[in-house]
Structures are given as C-alpha cells and as structure tokens.
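Reader: I have a model open and want to read its side chains. Where do we start?

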Amino acid sequence: MTDLPGPPRASAAAPPASPSAPAAPPAPAAPASAALPASARRLLLVHAHPDDESIGNGATMARYIAEGAHVTLVTCTLGEEGEVIPAELAHLTADRDDTLGPHRIGELAAAMRELGVTDHRFLGGPGRWRDSGMMGVPSNDRPGAFWRADLDEAAGALVAVIREVRPQVLVTYDPNGGYGHPDHIQAHRVAMRGAELAADPAFRPELGAAHAIAKVYWNCVPRPVLERGLAALRAAGADAPFPGVAGEGDVPGVVDDSEVTAVVDGSAFAERKAAAMRAHATQITVAGTADGPFFALSNNLGQPLTAVEYYRLVRGEPGPRDPATGRETDLFAGLAVNGRTDEGGEAAQNAEKSGNAEKTENGEVRA
C-alpha cells in the first residue's frame with residue numbers, strides 16, 4: 001500500500017489592503033469553459049474487499065491513470081471471510097489458518113500494479129475493520145466486523161483521505177451495496193457519510209481543510225448488457241469455460257438501462273483489467289471463448305468480463321452527454337476550472353447539511 005501526498009494546499013490569504021489604498025485589479029478568472037486538465041483530475045473509489053475494484057472499475061481506473069489523473073482506492077476490509085478457489089491455498093480460509101486477509105493484501109497490490117494505481121489504502125489501516133461475511137452469518141457480529149463499525153468513526157477515517165487527496169469525483173456502491181452484502185452496504189454508507197463530513201468545516205478540523213466532492217457516482221450494470229453477455233456464455237454450450245452461467249441475482253448493481261447516466265469505455269485497457277482480476281487468484285478465475293473474456297467467482301458461474309463500465313450520477317451536475325445515448329462518457333465531464341459543476345457540487349453538499357435539499361429515492365441530492 002502506498003500513500004501519496006495530496007495536492008498542494010492553498011497558501012494563506014493576504015491581509016486586506018488599507019481602505020485608503022487603491023484596490024488592486026482583480027486577477028482574471030478562468031473561463032467556465034476551461035476544462036479541468038487531466039493532471040488536476042482526482043478520482044476516489046471506495047470498495048469493500050480486495051477484488052471488488054478490479055471487477056467493477058478496473059478499466060476505468062486504468063484509463064484515468066493512463067490519461068494522467070490521480071486515482072485513489074480505499075478498501076474497507078482485507079476480505080478475510082472470502083472463499084478460496086485454488087485447492088493449494090484452501091488452508092488460508094477463516095475456518096482454518098485465518099490468514100486469507102494478509103494474502104489478499106498481496107493480491108490487491110499485484111492488481112494495482114497491473115492497473116498502474118499507486119495510491120491504494122485500507123480504511124483506517126490494514127485490518128482495522130474485518131470482513132463481515134455474507135448477510136446473516138455469525139461473522140457479522142464478530143468483534144471488529146465492518147458491518148458493526150460506528151458509522152462516523154469509519155467515515156472519519158475516510159474524511160482524512162478525502163481532505164488529503166481532495167478528489168472531484170467519488171465512486172462507490174448503491175445503498176444495497178449492489179447485491180446486499182453487509183460490507184458493501186456499509187461501504188456505501190461510509191462513502192456517502194464521509195463525503196458529507198469532509199465538506200463540513202466543523203467536523204474534525206485537525207484532519208485538514210474541508211473539501212466538497214463535486215460528483216458522486218454509484219457502480220451499476222445495465223440489464224441489457226448483462227443479458228447479452230450471459231446469452232453468449234449459454235450459447236457456447238460445451239465450449240463454455242465454466243460449468244454454470246450466472247443469473248442476474250449473482251451480479252451486483254444490475255439496473256434498467258434508463259437508470260445509467262455515464263459510461264466509461266475502457267476497451268483499450270481490457271487486458272489490464274483482466275490481468276488485475278487474475279491477480280486476485282484466490283477469488284477469481286478468468287477464462288475466455290471466441291465471444292470474449294469471462295470470469296467466475298468461487299461459485300464457478302460464468303459472467304462477462306467487460307471493459308466498458310457503467311455508472312449512475314447521484315450527486316453533482318452532469319456534464320456534456322453523448323447525443324446518441326444521453327450519457328456522459330467521462331466521469332469528470334463538466335468539471336472546469338472555476339466552473340459551474342464544482343460550485344454546484346458544493347451547493348448540493350451545503351444544501352444537504354442545512355436541510356434545504358431534496359433527496360430522490362436513490363439518494364441523489366438536489367440543491
């Protein structure tokens with residue numbers, strides 16, 4: 001895990017001029033249309049376990065790194081309760097050696113090397129909160145389980161990262177965590193609460209100057225895209241790389257096509273995404289057919305491995321959209337130097353804190 005320093009802090013404001021002195025001419029403002037340069041772009045992703053990031057956002061992360069953006073990954077647990085695919089590593093599981101967590105630290109580091117990400121951190125430090133296991137199992141109540149973490153304590157750990165890195169864009173899960181896993185649900189809560197608290201100057205000022213994230217996205221998978229991928233696997237028949245095919249309930253974040261607001265085409269980074277997923281060897285098997293790459297988790301049910309990744313904008317102003325699809329094609333779309341979208345993001349944060357905001361059913365804040 002490598003923690004990189006955040007962007008330089010602004011210097012203290014100069015004292016006001018004497019009333020009798022002529023006012024200095026104002027510095028020219030950057031035009032609202034001045035696009036945020038790639039080197040100034042900062043993307044933060046919050047995930048529950050090692051491997052979640054590569055499955056859901058691997059191509060997005062690789063693309064933005066290649067374009068010069070700063071990408072920060074925060075992983076909330078070590079994934080200690082996961083199942084293990086390779087038989088020779090079965091001893092790592094929680095009911096045997098209970099050493100899967102440290103092993104997965106290495107897998108995550110290898111995956112991040114494949115994607116080019118150098119700023120990856122564990123929330124509160126490695127092992128601060130433990131994988132809770134699937135919903136309803138005894139490990140949900142184990143001491144230190146992330147599912148039982150105090151929300152503001154865990155969010156406070158994220159605030160420290162947000163105020164250091166100062167991202168314009170945050171990516172995390174929907175309120176159900178994509179598929180109901182307790183750690184995914186809690187990661188959503190921590191990410192959203194962390195974004196709220198980071199913008200509040202009164203909250204723990206020792207963690208740094210307040211910072212409002214301009215745009216928040218939730219991961220998603222359009223139902224038609226998933227259906228096409230699963231149909232290709234079923235059509236492979238005996239040539240399919242896995243004995244079974246996943247169903248919609250096995251895939252996190254499936255939504256109607258109309259709910260998708262942004263698409264990131266990471267096709268040029270498909271091999272990097274596949275390599276990152278292979279690095280999580282205890283959790284993922286990657287294979288392919290003539291119809292493209294597929295993967296399976298420990299359930300051995302095939303799913304499509306796609307380098308085109310989809311999102312729902314739930315906070316902030318949308319930027320320019322593709323006229324053909326009505327979707328943004330860049331998570332930083334609309335963000336500009338002194339531009340409207342940055343200001344709109346702060347307005348939404350301030351409205352939420354003051355109670356003057358309208359929240360949609362999906363949790364979107366509208367100032």
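**A buried acid and its surroundings**

Author: Start with Glu80. Glu80 is buried (under 20% relative accessible area, 1.4 Å probe, protein chains only), yet Glu80 has no salt bridge. The nearest side chain of opposite charge is Arg130, 4.6 Å away. A salt bridge is a side-chain nitrogen of Lys or Arg within 4 Å of a carboxyl oxygen of Asp or Glu. Lys and Arg count as positive, Asp and Glu as negative; His and the chain ends are not counted.

Reader: What kind of model and numbering is this?

Author: This is a predicted model: local features need pLDDT of at least 70, side-chain atom pairs count only at pLDDT 80 or more, and totals for chains, interfaces and linings use all residues. Residues are numbered from 1 along each chain as its sequence is written, and side-chain values use heavy atoms, leaving out hydrogens and water.

Reader: Which backbone nitrogen does the side chain of Glu80 reach?

Author: That of Asp131, at 2.9 Å.

Reader: Which residues does Glu80 touch?

Author: Contact means heavy atoms within 4.5 Å. Leaving out residues up to four places away in sequence, Glu80 touches Ala94, Leu100, Gly101, Trp129, Arg130 and Asp131.

Reader: Is Arg142 buried or partly exposed?

Author: Partly exposed means between 20% and 50% relative accessible area. Arg142 counts as partly exposed because its relative accessibility is 34%. With residues up to four places away in sequence not counted, Arg142 touches Glu81, Asp98 and Arg130.

Reader: How far apart are the C-alpha atoms of Arg142 and Ser132?

Author: They are separated by 7.5 Å, with the two residues ten apart along the chain.

Methods:
Polar contact = N/O pair within 3.5 Å; in protein donor to acceptor, adjacent residues only side chain to side chain.
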